[in-house]
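Me: Hi! I have a structure open here and could use some help reading it. Can we go through it together?

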Amino acid sequence: MELRKQEERNISPDIPDEWFVPKVQNQSEAEAVVRPSLSYWKDSWYRLLKNKLAMAGMAFLILLAIFAIFGPIISPHSVETQKLTSQNLPPSSEYWFGTDDLGRDVFTRTAYGARISLFVGLVAALIDFIIGVVYGGIAGYKGGKTDNLMMRFVEILYGLPYLLVVILVMVVIGPGLTTIILALSITGWVGMARIVRGQVLQIKNYEFVLASKTFGTKTGRIIRKNLLPNTMGPIIVQMTLTIPSAIFAEAFLSFIGLGIQAPHASWGVMANDGLSTILSGYWWRLFFPTLFISLTMFAFNVLGDGLQDALDPKLRR
Amino acid sequence: MNTYFIKRFIAMIITLWLIITGTFFLMHSVPGSPFNEERTTNEAIQKNLEAYYHLDEPLIVQYGNYLSALLHLDLGPSIKKSSQTVNEMLGRGFPVSFELGFYTLILAVLSGMTLGIIAALRHNGVVDYLSMSIAVLGISIPNFVMATFLIEQLAVNFPIFPVATWSSPKHMVLPILALATGPMAIIARLTRSSMLEVLTQDYIRTAKAKGLSPVKIVFKHALRNALLPVVTVLGSLAASILTGTFVIEKIFAIPGMGKYFVDSINNRDFPVIMGTTIFYSAILILMLFLVDLAYGVLDPRIKLHKKEAK
């Protein structure tokens with residue numbers, strides 16, 4: 001017994017027992033926070049930073065925005081100038097992406113197409129956001145009969161085939177950039193409204209909302225200050241996924257001849273023009289616009305996926 | 001089940017009616033008569049033409065006539081291609097489009113599910129990353145881009161498949177492939193995520209503990225439950241395949257309904273636009289309805305006649 005105790009205490013024969021002093025527990029020290037606390041947004045941001053694919057997508061989109069803004073400016077050629085002496089030239093130091101059948105510079109037109117695509121995507125997403133948040137917010141917050149009625153309407157719109165509606169509207173009001181955005185927004189906001197409504201239904205029963213109500217806060221302020229910030233995650237994800245579908249819709253419409261009209265350039269228009277030359281070997285006319293459509297959609301999709309993982313780690317796998 | 005069925009059915013009819021009404025008034029709000037062309041026609045002929053197409057009557061009467069004709073499944077005559085009715089055009093185009101859409105859906109579902117299951121079983125492995133990269137690519141590449149790419153590679157550079165028309169199985173390969181990539185990618189991603197969720201469930205562990213073979217576990221226990229989310233998107237997938245047929249039929253010169261539709265848009269042939277839109281919408285709404293019903297049948301936990309559990 002005595003021997004065992006001796007052994008236990010003498011952990012190392014070189015270190016005398018006197019060196020072992022019990023640590024003085026200090027209450028305030030023990031409770032001090034070692035790591036700086038991270039807000040939800042910071043935490044999500046760090047998680048997004050670790051997602052290489054999503055960051056690559058974001059980097060591409062930033063480059064694309066720079067290309068869209070400065071491309072037409074740094075290019076020595078204009079979008080619409082036709083130069084019949086230089087038709088269908090392959091890419092060279094003079095024409096970086098080659099020229100088309102009317103001698104227009106493909107590089108400038110691609111950059112101009114980037115402007116149109118990004119503009120359509122962002123504006124459509126913004127309109128969807130505004131209508132969807134207001135509509136879904138009211139339906140979810142009011143609940144009951146109002147919600148029932150509002151959601152009936154949404155259900156009917158949801159049952160409509162998106163592109164078919166867009167095509168119909170385009171037929172009626174005629175092609176053009178504003179009509180595309182208008183047509184996309186007519187049914188586009190429905191998805192957002194559904195998401196916001198679901199989130200608001202869930203959150204409005206939490207205690208902090210109740211507390212806010214007891215203080216007599218007005219409904220509008222509760223929606224703006226309590227509910228919306230807490231639904232921002234899914235809303236942002238939905239927006240990043242709306243943008244590529246709007247970009248796709250614009251390219252699709254332009255491709256079937258209902259979208260942007262000549263002489264303006266859009267990736268869909270260029271792809272459609274390029275398609276007819278596929279047999280003559282002018283590959284650059286088809287390659288550049290289609291490459292940019294695909295890369296842009298890819299970038300938005302991976303960024304959307306990354307944001308979803310970052311903002312809602314519970315869903316992560 | 002019955003009350004739900006009836007409720008859903010009525011909602012379906014209302015949606016369809018709204019589409020018909022919306023389409024009708026949208027089409028008739030376009031300024032100008034369809035006969036105002038460069039070639040000026042005789043006033044009398046103009047009058048006769050308008051009388052023939054009942055365009056001289058008040059709008060509400062035309063609407064009534066259109067609705068009652070619709071009840072007899074008559075979509076009216078084409079304006080630009082005289083002597084043809086919309087019904088005839090649909091009758092010619094629909095079987096082709098149906099074939100294209102049907103094969104596409106089958107290919108998309110089978111390949112998408114296979115990819116998704118393999119990815120889920122090899123979670124975070126090389127195969128998983130590879131198939132999910134393919135899936136994101138598939139979602140990102142628009143179908144008309146895919147179509148042009150396939151033509152360039154498999155018809156022009158390496159002439160394995162013919163470029164256009166719809167006459168033999170060999171002609172069908174490229175259009176179906178081009179149309180199927182997007183839906184396939186969506187199905188693959190959905191199958192993977194729902195498989196991953198199902199595979200962590202207790203009953204799967206029980207099945208493993210019982211010593212069931214992995215094949216049996218996957219197909220009999222996991223897959224059946226994992227399929228539910230996939231079934232729910234089938235309706236919207238059918239919609240995207242359907243709109244996809246517009247461009248695919250245009251690119252590959254397939255004489256389907258989509259080609260008539262795009263042609264009628266470019267010709268401003270309003271009865272045809274209207275007829276095809278209504279026909280498309282009817283198919284889609286029916287699809288959504290069937291998917292809803294199938295969902296209830298597949299998953300007995302979802303009671304279709306739910307009594308508002310509150």
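Me: Let's start with chain B. What percentage of its residues are buried?
Reply: Happy to help! Keep in mind that this is a predicted model. In chain B, 35% of the 310 residues are buried.

Me: And what is the secondary structure of chain B?
Reply: Chain B has eleven helices and zero strands. Going from the N terminus, its elements read α-α-α-α-α-α-α-α-α-α-α.

Me: How is chain B divided into domains?
Reply: There is domain 1, covering 16–71, and domain 2, covering 93–309. Seven residues from domain 1 of chain B and nine residues from domain 2 of chain B make the contact between them. On the domain 1 side, the residues touching domain 2 are six nonpolar, one polar and no charged.

Me: What about confidence, what is the mean pLDDT of chain B?
Reply: The mean is 79, and 89% of the residues in chain B reach 70 or more. One stretch to treat with care is residues 305–310 of chain B, where pLDDT stays under 50. For that stretch, the model has three contacts beyond four places in sequence. As for the scores of the model, ipTM is 0.75 and pTM is 0.77.

Me: OK, switching to chain A. How many helices and strands there?
Reply: Chain A comes to twelve helices and zero strands. Buried residues account for 41% of its 317 residues. If you take the contacts in chain A between residues at least 6 apart in sequence, 68% of them join residues at least 24 apart.

Me: Which residues of H11 in chain A are buried?
Reply: The buried ones include A:Trp267, A:Met270, A:Asp273 and A:Leu275. In fact, nine of the nine residues of H11(A) are buried, so this helix is largely enclosed by the rest of the structure.

Me: What do those buried residues pack against?
Reply: Within chain A, they pack against helix H5 (106–142), H10 and H12. From chain B, helix H6 (143–157) and helix H9 (214–251) join in.

Me: So how many residues are in contact between the two chains?
Reply: 30 residues of chain A are in contact with 38 residues of chain B. Several helices of chain A each supply at least two residues to its side, among them H6 (144–159), H7 (162–173) and H11 (267–275). H12(A) gives the largest share, eight residues. By class, the chain A side has 24 nonpolar, five polar and one charged residues.

Me: Which residues touch the most other members in the largest nonpolar core?
Reply: Those are A:Val166, A:Ile167, A:Phe252 and B:Ile187, in a core of 143 residues. Domain 1 and domain 2 of chain B each give at least three residues to this core.

Me: I see A:Ile167 in that list. What does it touch?
Reply: Leaving out residues up to four places away in sequence, A:Ile167 touches A:Leu258 and B:Ile265.

Me: One last residue: where is A:Phe153 found?
Reply: A:Phe153 is in helix H6 of chain A.

Me: And why is A:Phe153 classed as partly exposed?
Reply: Because A:Phe153 has 13 other C-beta atoms within 10 Å, while a residue needs 20 or more to be buried and 12 or fewer to be exposed. You can also try finding A:Lys213, which is 60 residues away from A:Phe153 along the chain. Their C-alpha atoms are separated by 29 Å.

Conventions: Residues numbered from 1 in each chain as written. Chains lettered and ligands numbered in written order. Predicted model: local features only at pLDDT ≥ 70, side-chain atom pairs only at ≥ 80, totals over all residues. Helix = DSSP H or I, 4+ residues; strand = E, 2+ residues; numbered from the N terminus. Nonpolar A, V, L, I, M, F, W, Y, C, P; charged D, E, K, R; others polar. pLDDT = per-residue confidence, 0-100. Domains from an automatic or database assignment. Core = buried A, V, L, I, M, F, W, Y, C linked by C-beta atoms within 7 Å.
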